[in-house]
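Hi everyone, thanks for coming. I'd like to walk you through a few local features of one structure, so please have the viewer open.

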Amino acid sequence: MALARVHQVRARHLLTAIEAVRTLGTPTTAQVIEHTGLSRPSVISLLEELEELGWVAVEDPVPDGSGGRPPQRFRFRVEAGRLVGVDVGLHRVTAVLTDLAGAVIASDEAAVAPEALPPERLAALDSVVARLLDQARLDATAVWAAAVALTGPVTPTGATLPGGPLPGWGSVDLVAHVRARFGWTVQVVNDVMSALLAESTWGAAQGSQDVVFVLASVRTGAAALVSGRLLRGHAGIAGEIGALPDVHWLRALEDLTGQDDDISLQEQQELIRAVFDAARAGDTQAQERVEAYARDVATGAAALTLTTDPEVLVVGGGQARWADQWVDAFSARVRANVIRMPQVRVSTLGGDHVARGAVRLALDEVEKTYFSTTVLAVPAQGFR
C-alpha cells in the first residue's frame, strides 16, 4: 500500500514537472523548483526521468556575461510529434501541420465550389493533407493526432445536422474516411468552436477561462468557453443562436451589402470591402449599413453574454479587418443590453485560425493519452 502511494506521488510530480517546462519555455532547474514548489533533489530526478522518457531535452548553456558557469536549461521537445488540423469550409479546405506546441510547420489549401458534393470535398481534403505531408517530407505515421473543423453543426462522426451549409454532408462519415485514407483517428468540431480554441490558446483570449467568440464573416456564428471548457451541448450545436430570426444574424450580411446571399464568395467579399471603403470615405448610406451590421451582430453577442457571462468577448472572421469602423458601435449595442460588459477584443490570428483550432483539439488528445495520470514515454510512432 505504501509503495503504491509512492508511485502515485511520483506520477503527480512528473505531471507537475512537465507542466512547468511547457509553461516556462526553457527554464532552469531553479525556475522549475520555484514553479512547482518541489525540492531540488526531486526536481533534478524528475527532469532526468522526463529526459529519459523523451519529453525534455537539455539546452546548450548560454553565457549570461557574468563570467560564471551559466545554468542548465530544459525545454519541452515540441519536435517529438506532429499534429494536423483541417478546416473544411463551404468555399475551401485548409490544413496545417504543426509541432506539439502548435507552431505551424507547413500549410496548404484548395478552393472548392460551394455546391460541391461530398466526394469532391473529401478529395480536396485528401489532396491538401497529402501535399502538406509532402511539404514536410513526412509520411502519415509521423502524425500523432489530427482534428477536422467543419462549417455548420456537426456530429461526432463528421456529418452535418439538417440545414447545414455543406451540400449532401448529412450522411458523411468523415472519421471513417480519414482513418481509411491516413490511418488517423480524428476529432471533429464545428468551425466556430475551433476558431475559439485557437483564440483561447494563441490569440486574443489567451489565458481567459470564460469567453464568447463571434465569427463575423460571410456568415455569422458564435461559440463559448465556460470555466475553460468548450461549450458543446448535447448534440454539439451550442452557440447556434443565429438560428433565431430575432437575433438578426441571418440578415446581417444582407443589411451590410444590400444583396442577398445568392451570389459568389468573391462577389460577397468585393461588396463587403466596397461598403467599408465607402463608409471610411464618408459615404452616409454606407455608414448606415455598417451601423446596421454592427447592431445585427450585437444582438446575438448580447444574448450569449447574458447566457454565459464571459470575461472576454472576441470578434473574429473576415470583418475583423474593418474592426475600427464597426466594433465600437457593436460594443455600445452589447453594453446597452447586458448586465455586465465583458472586455471586447479583436482577433489578430490569420486566415488559418480554424485549422489551428483543430490542432488544439488534436493536442488535447495527445495530452489525454500521455499526460493523464502520469507521463508516458514518447512513442516511436503516433498513437492510433
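Let's begin with D309, which is partly exposed, with a relative accessible area of 45%. This is a predicted model, so please hear every value today as computed from it. D309 sits in the loop between helix 9 and strand 11. Its phi is positive, about 50°, although D309 is not a glycine.

There is another residue to put beside that one. S227 has a positive phi of about 55°, and S227 is not a glycine either. You'll find S227 in the loop between strand 9, residues 220–226, and strand 10, residues 229–230. Is S227 buried or exposed? At 54% relative accessibility, S227 counts as exposed, since the cut-off for that class is over 50%.

Now let's step back from D309 into helix 9, where T305 lies. T305 has 3% relative accessibility and so counts as buried. Leaving out residues up to four places away in sequence, T305 touches P310, L313, V334, V338, R340 and P342. If you'd like a sense of distance, take L132: T305 and L132 are 173 residues apart in sequence, and their C-alpha atoms are 38 Å apart in space.

T305 also brings us to helix packing. Two packed helices are described by the angle between their axes and the distance between the axes. How do helix 9 and helix 10 pack, then, and at what angle? Helix 9 covers residues 284–308 and helix 10 covers residues 323–335; their axes are 8 Å apart, at an angle of about 45°. That angle makes helix 9 oblique to helix 10. The crossing of the two is right-handed. On the helix 9 side, the contact is made by V290, Y293, A294, R295, V297, A298, A301, A302 and T305. Helix 10 answers with Q325, W326, A329, F330, R333 and V334. Sorted by class, this contact has eleven nonpolar residues, two polar and two charged.

Helix 10 has another partner for us to look at. The axes of helix 8, residues 265–280, and helix 10 come within 10 Å and cross at roughly 85°. Helix 8 and helix 10 are therefore roughly perpendicular to each other. Here F276, A279 and R280 of helix 8 meet D324, Q325 and W326 of helix 10. By class, the contact of helix 8 with helix 10 divides into three nonpolar, one polar and two charged residues.

Keep F276, Y293 and W326 highlighted for a moment, and add Q319. Which residues does Q319 touch, beyond those up to four places away in sequence? They are A216, S217, V218, L253, I272, F276, Y293 and W326. Q319 itself is placed in the loop between strand 11, residues 312–316, and helix 10. Its relative accessible area is 3%, so Q319 is buried.

S217, from that list, deserves a look from its own side. S217 is in the loop between strand 8, residues 211–216, and strand 9. Setting aside neighbours within four places in sequence, S217 is in contact with L253, Y293, G317, G318 and Q319. For another long-range distance, S217 and L24 are 193 residues apart along the chain, with 36 Å separating their C-alpha atoms.

Last topic: aromatic rings. A pair of aromatic rings is described by the distance of the centres and the angle of the planes. How many aromatic pairs does a search of the whole structure find? Ten. In one of them, the ring centres of W144 and Y370 are 5.6 Å apart and the planes are at 40°, so the pair is tilted. This pair links distant parts of the chain, with W144 in strand 6, residues 143–150, and Y370 in helix 11, residues 353–370, 226 residues apart. W144 counts as buried, at 4% relative accessibility, and Y370 counts as buried too, at 6%.

F182 and W184, on the other hand, form a stacked pair, at 4.9 Å centre to centre and 15° between the planes. F182 is buried, with a relative accessible area of 8%, and W184 is buried as well, at 4%.

One more thing to select before we finish: ring pairs link W55, F76, W144, Y370 and F371 into a cluster. Thanks for listening, and I'm happy to take questions!

Notes
Residues are numbered from 1 along each chain as its sequence is written. This is a predicted model: local features need pLDDT of at least 70, side-chain atom pairs count only at pLDDT 80 or more; totals for chains, interfaces and linings use all residues. Side-chain values use heavy atoms; hydrogens and water are left out. Axes are lines fitted to C-alpha atoms, for helices over the stretch in contact, and angles run from 0 to 180 degrees between N-to-C directions. Helices (H or I, at least four residues) and strands (E, at least two) are DSSP runs, numbered from the N terminus. Angles under 35 degrees count as roughly parallel, over 145 as roughly antiparallel, 65 to 115 as roughly perpendicular and the rest as oblique. A crossing is left-handed if the near helix is turned anticlockwise from the far one by less than a right angle, and right-handed if clockwise. Contact means heavy atoms within 4.5 Å. Ala, Val, Leu, Ile, Met, Phe, Trp, Tyr, Cys and Pro count as nonpolar, Asp, Glu, Lys and Arg as charged, and the others, Gly among them, as polar. Rings of Phe, Tyr and Trp (its six-membered ring) pair if their centres lie within 6.5 Å; planes under 30 degrees apart count as stacked, over 60 as edge-to-face and the rest as tilted. Buried means under 20% relative accessible area, exposed over 50%, partly exposed in between (1.4 Å probe, protein chains only).
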